[in-house]
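Colleague: I'd like to go through the metal site with you. Could you show me the model and walk me through the reasoning?
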Amino acid sequence: MPNYQPPSAMVYPRFEGIRTFMRLPHVTDLTGVDFAIVGVPFDTGGTYRVGARFGPSGIRQESMLLRPYNPFLAINIFEHCSGVDYGDLPVTPGYLPESHAQITEASREVLKSQATPIFLGGDHSVSLPLLRAVAEKHGPVALVHFDSHSDLWASYFGGKDTHGTPFRRAVEEGLIDPGRSIQIGLRGSLYDAEDYGISEALGFEMISGPELHEIGMKKAIQRIQARVKGLAYLSFDIDFVDPTFAPGTGTPEVGGFNSAECQTLLRGLVGIEFVAYDLVEVMPPYDPAGTTSLLAANLVYEMISLEALKRKTNPKQ
Ligand code: MN
Ligand code: MN
């Protein structure tokens, strides 16, 4: 069984070859694979700007410089992990229910393996069909959700499925357990004073953007670690980040967090039993210097580092 890893940049220049995440081999047989990068290039759930369909390719493009050793977590990822780029799931642009069904079906295939999937959106609506497949395998999971929005709206334009509603549906369908879930970074203008209370009213713990600035990353990590029990799903909306660092996104909100703070937060999640991850809402058409995609690639790198640490602690039999 091959141990899939990126080719050495000392032998094979990093700008050569066909673009995959971190220059990993493009492999669809997940036998023996520990983590798989999976694109979900769908953006028909967007309510304002669109263009997240180009997210997976933008993130792959900016991932070329990533190196295998993560000094902050002191781990050489591929000593403990075989990792691949699985490619993209099939979608039908313009057709949301049909695409969501395709995403659930195709991610179900990925989840039949032992590989932990890391999904690259796409708009945030894709988390719902992904969670349907995840909950089918694992039962209701805890949600760790970084976002400037709660994405718990009941509906938009009379429709039940947009990038502002996935977690409301996930709660209704019993895919996530709000009682051991947490939303972090919520901020920005709202429609109504009551909107701010939706998260807690539905049973989530919530650390708003202003509160996170006040308590700092260390304290927030303690609260996440104390809250999240059992199998978990990490969903990272790039608009959690301040638009200075991540301008290429669908619904940017000022007053956010910088790239170093995002890295600190993700590095603090060691020990949580994530069964899948997503990183969504990256929009290369609004990202002229590739800044947003570069940050997204580096945050995915922290996710695969968490997977490597998990396997270092519990090696394969
Ligand atoms: Mn979102
Ligand atoms: Mn958002």
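Colleague: What makes you call Asp147 and Asp237 buried or exposed?

Modeller: Both residues, Asp147 and Asp237, are buried in this predicted model. For Asp147 the relative accessibility is 0%. Buried means under 20%, so Asp147 counts as buried.

Colleague: And why does Asp151 count as buried?

Modeller: The same kind of reasoning applies. Asp151 has 4% relative accessibility, and the cut-off is under 20%, so Asp151 counts as buried.

Colleague: Which residues coordinate the manganese ion (ligand 1), and what makes them donors?

Modeller: They are His124 through ND1, and Asp147, Asp151 and Asp237 through OD atoms, at 2.0 to 2.2 Å. A donor has to be an N, O or S atom within 2.8 Å of the metal, so these atoms qualify. Along the sequence, their spacing reads H-x22-D-x3-D-x85-D.

Colleague: What are the protein donors of the manganese ion (ligand 2)?

Modeller: Asp147 (OD), His149 (ND1), Asp237 (OD) and Asp239, which is listed with OD twice, lie 2.0 to 2.5 Å from that ion. With the limit at 2.8 Å, they therefore count as donors. The spacing here is D-x1-H-x87-D-x1-D.

Colleague: Where in the chain do Asp147 and Asp237 sit?

Modeller: Asp147 is in the loop between β6 (142-146) and α5 (166-172), while Asp237 belongs to strand β9 (residues 231-237). They are 90 residues apart, so the pair links distant parts of the chain.

Colleague: How far apart are the two manganese ions, ligand 1 and ligand 2?

Modeller: They are 3.2 Å apart, and Asp147 coordinates both.

Terms used:
Residues numbered from 1 in each chain as written. Chains lettered and ligands numbered in written order. Predicted model: local features only at pLDDT ≥ 70, side-chain atom pairs only at ≥ 80, totals over all residues. Heavy atoms only, no water. Helix = DSSP H or I, 4+ residues; strand = E, 2+ residues; numbered from the N terminus. Buried < 20%, exposed > 50% of the residue type's maximum accessible area, 1.4 Å probe, protein only.
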